[in-house]
Amino acid sequence: MKQDWLPPLLIPAIAIVALPLVGSPTSWVTLTVAGLAMGLMIFIMASGLTLTFGLMDVLNFGHGAFIAVGAFVAASVMLAMAPWMTAESLWLNLAAVGPAVLAAVVVSGALGWGFERVIVRPVYGQHLRQILVTTGGLIVAEQLLKVVWGPDQITLARPAALRGAFLLGDVAIEKYRVLAVVIGLAVFAALAVTLNRTRLGLLIRAGVENGEMVEALGYRIRRLFVGVFVAGSALAGLGGAMWGLYQETVTAAIGAQVAVLVFIVVIIGGLGSVGGCFVGALLVGLTANYVGFVAPKVALGSNILLMALILLWRPQGLYPVAKR
Amino acid sequence: MAEPLLSLRGVRTNIGRYHILHGVDFDVPEGGLTMLLGRNGAGKTTTLRTIMGLWRAAAGEIRFAGRDIAGLATPDIARLGIAYVPETMAIFADLTVQENLILAARSGPPDAARLDWIFGRFEALKRFWTLPAGNLSGGQKQMLAVARAIIEPRRLLLIDEPTKGLAPAIIANMIDAFRELKDGAASLLVVEQNFAFARQLGDTVAVMDDGKVAHTGAMAAFAADADLQQHLLGLGMGEHQ
């Protein structure tokens, strides 16, 4: 099977180019791990969005709501379990973080189910209305978060076992970033196995290409789409919980803020492509960290510039999905 | 007289504000091959898509095996035993040939004997089994689109222009395949522009003109009536090969 290796090669290429610019190898390693961790968290949040667009051409600008809800729900659970969070025991820490993440995933997934039924379903096939209605949904969700959790930001300390860094010689690698990389890679592996090794994955990939033909073969693509939408929302909730711990603060705007990066990643990757989303997320994470270190003043626009360059090279994204 | 497998009565279809079908009536007999002919824009593709539920009939009745299917969703229509090969082929380009066929075989892994039979007709599919379907040539994609429809026995096959862009040798294979399917109790409704192909294969014919069926009958009689062909299809004698 012919594989296009050029896009993933951009990841080491960017890292190699950044090495002389950063100067110090220890700083470079720290930035690289930080970039990979950030990229993988964004990938977790973006993977569901790219699939829902690919399957049903749904432009969901409300995806940030699931991220924010995940962050708030996880924060609430962790704050309620504060004694276990602050205990110097990895197991007690995990006993607090695990249910928090699970709650974030379940609540965001359930919200996704309701969002699809109430907000997305009436506007299938109407892109302009989708943009307006889902953006409205995001605004309403943000305000509801303020109503439920109050207008102030929530400070969220990481559990004791995830504070600090691993020291490898002169290089310090934050423990939490290592965990984010591990979870991100696990999510990617699970998605890759599901999409490439199961009949469900085959249906999703076929549906992304041509939903009408999948229906003509006798499969109900609407049900498939709802399942993917809920799974994507749940993943966004997981990403939101992780992002909240990464930032150590949670605000109602957390979803909208990170959604900009999520959209950049989805566009860079090629709408509907999970592999492209993975590569795009790593490129965005690395670029943000390297540029933030080398030239902080242009850091804000670096990902927009990256997106522009990639779209000049491949106007349909890194891995364009063959559409009907 | 036996009840037809598929029967359309007064079917009207609108796409947006355009009225495409103006009351289509014809039957597809059980176990036969019906050719749906007509000039470009006559409404043939719209008729197949309407039967398949991909476009909703605004009025009229579509009966399949005695059941009205006009209001059913496309997957439910497919599950009644109707397979569809669109004019665009609609193969899944990012999936391999194997994955395309696995997906089309709804009831489980493709039957080995059936697969061998398909490979006998369309050898290229075996050769490119693990390649992404997007890498196939136009003719090979057409073979895959047809193979996907016949990977499992279906009661009715709706096939839109199967010979489009195909080499003569492959067309001959396709004729053999359709004949064997017919002998195996499948019924076929085939939209075709290639009249030489149509006359070889068709048992009955329905000719469409401007969103209606202008003629139905036996293919042999239609093939013998040059004036009728000229009138309905605009065919000259040179196109009768």
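1. Let's start with chain B of this predicted model. Of the 241 residues in chain B, 46% count as buried. The radius of gyration of chain B is 17 Å, which agrees with the value near 18 Å that a compact globule of 241 residues would have. If you like to picture a box, the C-alpha trace of chain B spans about 45 × 45 × 40 Å along its principal axes.

2. What is chain B built from? Its secondary structure comes to ten helices and ten strands. Contacts that link distant parts of the sequence are well represented here: among the contacts in chain B with a separation of 6 or more, 69% are between residues 24 or more positions apart.

3. A residue worth clicking on in chain B is B:Leu8, which lies in strand E1 (residues 6–15) of that chain. Is B:Leu8 buried or exposed? B:Leu8 has 25 other C-beta atoms within 10 Å, and because 20 or more is the cut-off for burial, B:Leu8 counts as buried. Leaving aside residues up to four places away in sequence, B:Leu8 touches B:Val24, B:Asp25, B:Phe26, B:Gly60 and B:Ile62. One of these, B:Gly60, shows how the chain folds back on itself in sequence terms: B:Leu8 and B:Gly60 are 52 residues apart in sequence, yet their C-alpha atoms are 7.5 Å apart in space.

4. Now for chain A, which has twelve helices and four strands. The radius of gyration of chain A is 19 Å, close to the 20 Å that the globule rule gives for 324 residues, so chain A is as compact as a globular protein of that length. Its C-alpha atoms fill a box of roughly 60 × 45 × 35 Å, taken along the principal axes. Of the 324 residues of chain A, 52% count as buried. Among contacts in chain A between residues at least 6 apart in sequence, 78% join residues at least 24 apart.

5. Two helix pairs in chain A deserve a look, and here is one of them. Helix H2 (residues 25–56) and helix H7 (residues 175–197) of chain A have axes that come within 8 Å and cross at roughly 40°. At that angle H2(A) and H7(A) are therefore oblique to each other, and the crossing is left-handed. On the H2(A) side, the residues that meet H7(A) include A:Leu36, A:Leu40, A:Phe43 and A:Ile44. On the H7(A) side, the residues include A:Arg177, A:Val181, A:Leu185 and A:Phe188. By class, the residues of this contact divide into 14 nonpolar, two polar and one charged.

6. The other pair is helix H11 (residues 274–294) and helix H12 (residues 299–313) of chain A, whose axes come within 9 Å and cross at roughly 145°. Which hand does the crossing of H11(A) and H12(A) have? The crossing is right-handed. H11(A) brings A:Leu283, A:Val284, A:Thr287, A:Ala288, A:Val291 and A:Gly292 to the contact, while H12(A) brings A:Ala299, A:Ser302, A:Asn303 and A:Leu306. The contact of H11(A) with H12(A) has six nonpolar, four polar and no charged residues.

7. Next, a pair of backbone details to check by eye. Most residues other than glycine have a negative phi. A:Glu248, however, has a positive phi, near 65°. This residue is found in the loop between helix H9 (221–247) and strand E4 (249–250) of chain A. A:Glu248 is exposed, with 12 other C-beta atoms within 10 Å. In chain B, B:Met89 also has a positive phi, near 75°, and B:Met89 is found in the loop between strand E6 (82–85) and H3 of chain B. Is B:Met89 buried or exposed? With 23 C-beta neighbours inside 10 Å, B:Met89 counts as buried.

8. Finally, the place where the two chains meet. Here 23 residues of chain B are in contact with 19 residues of chain A. Helix H2 (74–79) and helix H3 (97–104) of chain B each supply at least two residues of the side of chain B that touches chain A. That side of chain B is made up of 14 nonpolar, five polar and four charged residues.

How values were computed:
Residues numbered from 1 in each chain as written. Chains lettered and ligands numbered in written order. Predicted model: local features only at pLDDT ≥ 70, side-chain atom pairs only at ≥ 80, totals over all residues. Contact = placed C-beta atoms within 7 Å. Nonpolar A, V, L, I, M, F, W, Y, C, P; charged D, E, K, R; others polar. Rg over C-alpha atoms; globule rule 2.2 N^0.38 Å. Axes fitted to C-alpha atoms, helices over the stretch in contact; angles between N-to-C directions. Parallel < 35°, antiparallel > 145°, perpendicular 65-115°, else oblique. Left-handed = near helix turned anticlockwise from the far one by under 90°.
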